[in-house]
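Visitor: I would like a close look at one part only, the contact surfaces. Please go slowly, and explain each term as you come to it.

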2 protein chains.
Amino acid sequence: MTTPRNARTAAPAVGAAEPSAKPVERGIPEATVARLPVYLRALTGLSDTGVDTCSSEELAAAAGVNSAKLRKDLSYLGSYGTRGVGYDVEYLRYQIAREIGVTQDWPVVIVGIGNLGHALANYSGFSSRGFRIVALLDADPRRQGEDVGGLGIRPFEEIERLVEEHHVAIGVIATPAVAAQHVCDRLVAAGVTSILNFAPAVLTVPHGVDVRKVDLSIELQILAYHEQRKALADPGSDAVPDALPSGLAPLAADGVVSR
Amino acid sequence: MTTPRNARTAAPAVGAAEPSAKPVERGIPEATVARLPVYLRALTGLSDTGVDTCSSEELAAAAGVNSAKLRKDLSYLGSYGTRGVGYDVEYLRYQIAREIGVTQDWPVVIVGIGNLGHALANYSGFSSRGFRIVALLDADPRRQGEDVGGLGIRPFEEIERLVEEHHVAIGVIATPAVAAQHVCDRLVAAGVTSILNFAPAVLTVPHGVDVRKVDLSIELQILAYHEQRKALADPGSDAVPDALPSGLAPLAADGVVSR
DNA sequence: CGCGGTTTGTTCTCCCGTTCACAAACTCCT
DNA sequence: AGGAGTTTGTGAACGGGAGAACAAACCGCG
Ligand SMILES: NC(=O)c1ccc[n+]([C@@H]2O[C@H](COP(=O)([O-])OP(=O)(O)OC[C@H]3O[C@@H](n4cnc5c(N)ncnc54)[C@H](O)[C@@H]3O)[C@@H](O)[C@H]2O)c1
Ligand SMILES: NC(=O)c1ccc[n+]([C@@H]2O[C@H](COP(=O)([O-])OP(=O)(O)OC[C@H]3O[C@@H](n4cnc5c(N)ncnc54)[C@H](O)[C@@H]3O)[C@@H](O)[C@H]2O)c1
């Protein structure tokens, strides 16, 4: 099965002509890709509680999304459900895991074993979700050699050797912002093509390298924006210093994104 | 969800009719809100390096976005630039900070002071970005009393008292997933209306409460998906076990989202 | 005072994502 | 076997965001 590109099913109205289970391997929308891990987790939860079949409605509830959206998302992977019945939990779980690429473990390196790096290195949740931390790197000689979660912290200079040795494609940056670009460059030069960046810095990478950033300050600031909105729209709250005593009509704050 | 919506300000195209400095307080798109903190950080960086004026092109480069997008985003706040000149760094910085609501500090509580909670509590970056951690809470009596970043860990039961005492509107959940919903309920009951959730769990909250989640496994899995894509499209890489020796024509992997 | 150069703010178009709604497909019961 | 009930998969409508393009506005200079 070598993914024959875009056959683009072309004739969807042929009815039951082709029941072949061939999943269309091309072109899953980015928004869907971002939700597949959520479905995977929800399915794992259902599986753990002994559920072996679920409807799109149940799974959608467990994942916190709309059921129509869920069905459309799953339809990009193929037709893995049974009408009138629902989805087989184990089967669908495997199909999503395969689509994401976490049926085997991906080796990962973490660079910058400070506060955050320690937490990441100690975190046990990665191994059960398709990732295996194979190396911890830090530039500070005082940290090198220390054991964190069963791995020794290695000198940053060994990065090329370690990446090659373990066939690492994914790197995590948990250094201060000033070092992030340099670390990124070294990672890319060593062969890493996917980077998860925790430093508050904009990374420049060559074509073909993916970067995702996790920025806690930004998340908090987004919350703060909405919080301020709520405080302005609803003077009954005590979140702002000057709260008007007489409550206005509590009209539904329509523009707000809260659920 | 009833949400009548759509009062639809109706006349956004007032043009130059109203030069009054009153910024339009309504309806900033969510995508823009998510980028304002990035601009704020870029402006702070420029300010720190002594730049006092910048064009949309420069700021966009510093923030890692398209300049047209930047200008459109800023236009939602008002007209704070000068044509032919650009933006005054300090002035724009203040305007964005005011719009986000981080001209004063927001008090924040963190629940669950384990690996991750320790890292968050020790992090110094929050205070300079509009947030002040006022309480650390944990249910484990062995952790209570421990000092982390200058704050003592308090028993979880004190949550209502602490939230009220410090007028906390924003809470961070860093507990295991099984405890997340319970902690969330208690936070909401205590008066918190914005939650940043690190636990891999779907939180259910009443209308009017905002939740944002940070899920590192999901981020890694999204990277893994693209990584697998790259490995399939380009057999020259060593990222997959079975790499074909003879390189096929490296046709441009058009669908790939890498930059 | 006008003119060229520069940069913003906005408009327009296109594309992606969300949601509704429904026919097709399956199970179960009679 | 057939019909009733259930649930999937998807076509289609809709809304929002991204990016290109451009007129308006501003500065400096002659
Ligand atoms: N700790 C948090 O909760 C938190 C929250 C938000 C963002 N962040 C960001 O995450 C990053 C790490 O945060 P932290 O609190 O762990 O910082 P930290 O200072 O505790 O740790 C940084 C580590 O990186 C190492 N380092 C520095 N330069 C390096 C280089 N060139 N190569 C390799 N290693 C290098 C240092 O030796 C140190 O061990 C920072 O960019 C921070 O802004 C952290
Ligand atoms: N550590 C990481 O790098 C990392 C990465 C990804 C996700 N996470 C998630 O973040 C969360 C925290 O991770 P961690 O590694 O810090 O876990 P941890 O076990 O080290 O810490 C959890 C803390 O929460 C406390 N706690 C448990 N139940 C509580 C309750 N009901 N009320 C208050 N406190 C309670 C525990 O006493 C403990 O101190 C987990 O959900 C984890 O899945 C962590």
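Guide: What follows goes from the surface between the protein chains to the ligand site and then to the DNA strands.

The model is predicted, so local features are given only at pLDDT of at least 70 and side-chain atom pairs only at pLDDT 80 or more, while totals for chains, interfaces and linings use all residues. Residues are numbered from 1 along each chain as its sequence is written, chains are lettered from A and ligands numbered from 1 in the order in which they are written, and side-chain values use heavy atoms, with hydrogens and water left out.

Let us begin with the two protein chains. In chain A, 74 residues are in contact with 75 residues of chain B, where contact means heavy atoms within 4.5 Å. The size of an interface is often given as the accessible area lost when the parts come together. Chain A and chain B bury about 7,100 Å² between them, and 59% of this lies on carbon and sulfur atoms; buried area is the accessible area (1.4 Å probe) that two parts lose on being put together, summed over both.

The interface also holds charged pairs, for the rule finds 6 salt bridges between chain A and chain B, a salt bridge being a side-chain nitrogen of Lys or Arg within 4 Å of a carboxyl oxygen of Asp or Glu. A:Arg41 and B:Asp215 form a salt bridge, with their closest N and O atoms 2.1 Å apart. Between chain A and chain B there are 22 residue pairs in polar contact, with both residues at pLDDT 80 or more (a pair of N or O atoms within 3.5 Å; within protein, one must be able to donate a hydrogen and the other to accept it, and residues adjacent in sequence count only if both atoms are side-chain atoms).

On the side of chain A that touches chain B, the elements that each supply at least two residues include α1 (30-48), α4 (89-100), α5 (115-122) and α8 (216-233); helices (H or I, at least four residues) and strands (E, at least two) are DSSP runs, numbered from the N terminus. The largest share of that side, 16 residues, belongs to α8(A). Sorted by class, the side has 40 nonpolar, 15 polar and 19 charged residues, where Ala, Val, Leu, Ile, Met, Phe, Trp, Tyr, Cys and Pro count as nonpolar, Asp, Glu, Lys and Arg as charged, and the others, Gly among them, as polar.

The ligand comes next. Because residues from chains A and B surround ligand 2, its site is shared between chains. Of the 24 residues around ligand 2, A:Tyr123, B:Leu116, B:Asp138, B:Arg143 and B:Thr175 come nearest; a residue is near a molecule or strand if one of its heavy atoms lies within 4 Å of it. An N or O atom in the side chain of B:Arg143 is 2.6 Å from an oxygen atom of ligand 2, and a polar backbone atom of B:Thr175 is 2.6 Å from an oxygen atom of the ligand. The protein covers 84% of the 820 Å² of accessible area that ligand 2 has on its own (accessible areas come from the Shrake-Rupley method with a 1.4 Å probe; for residues, only the protein chains shown count as cover). In the shell around ligand 2, α7(B) gives the largest share, 3 residues, and the shell's residues divide into 17 nonpolar, 4 polar and 3 charged.

Finally, we turn to the DNA. Around DNA strand C there are 30 residues, of which A:Arg35, A:Arg83, B:Ser56, B:Arg83 and B:Tyr87 come nearest. Sugar and phosphate make up 70% of the atoms of DNA strand C that come within 4 Å of the protein. A polar side-chain atom of B:Tyr87 lies 2.8 Å from a phosphate oxygen of this strand, whereas a polar side-chain atom of A:Arg71 lies 3.5 Å from a base nitrogen of DNA strand C. The largest share of the surface near DNA strand C, 4 residues, comes from α3(A).

DNA strand D is surrounded by 28 residues, the closest being A:Ser56, A:Tyr87, B:Lys69, B:Lys72 and B:Arg83. Here sugar and phosphate account for 66% of the strand's atoms that come within 4 Å of the protein. A phosphate oxygen of DNA strand D is 2.4 Å from a polar backbone atom of A:Ser56, and a polar side-chain atom of A:Tyr87 lies 2.6 Å from a phosphate oxygen of DNA strand D. To the surface near this strand, α3(B) gives the most, with 4 residues.
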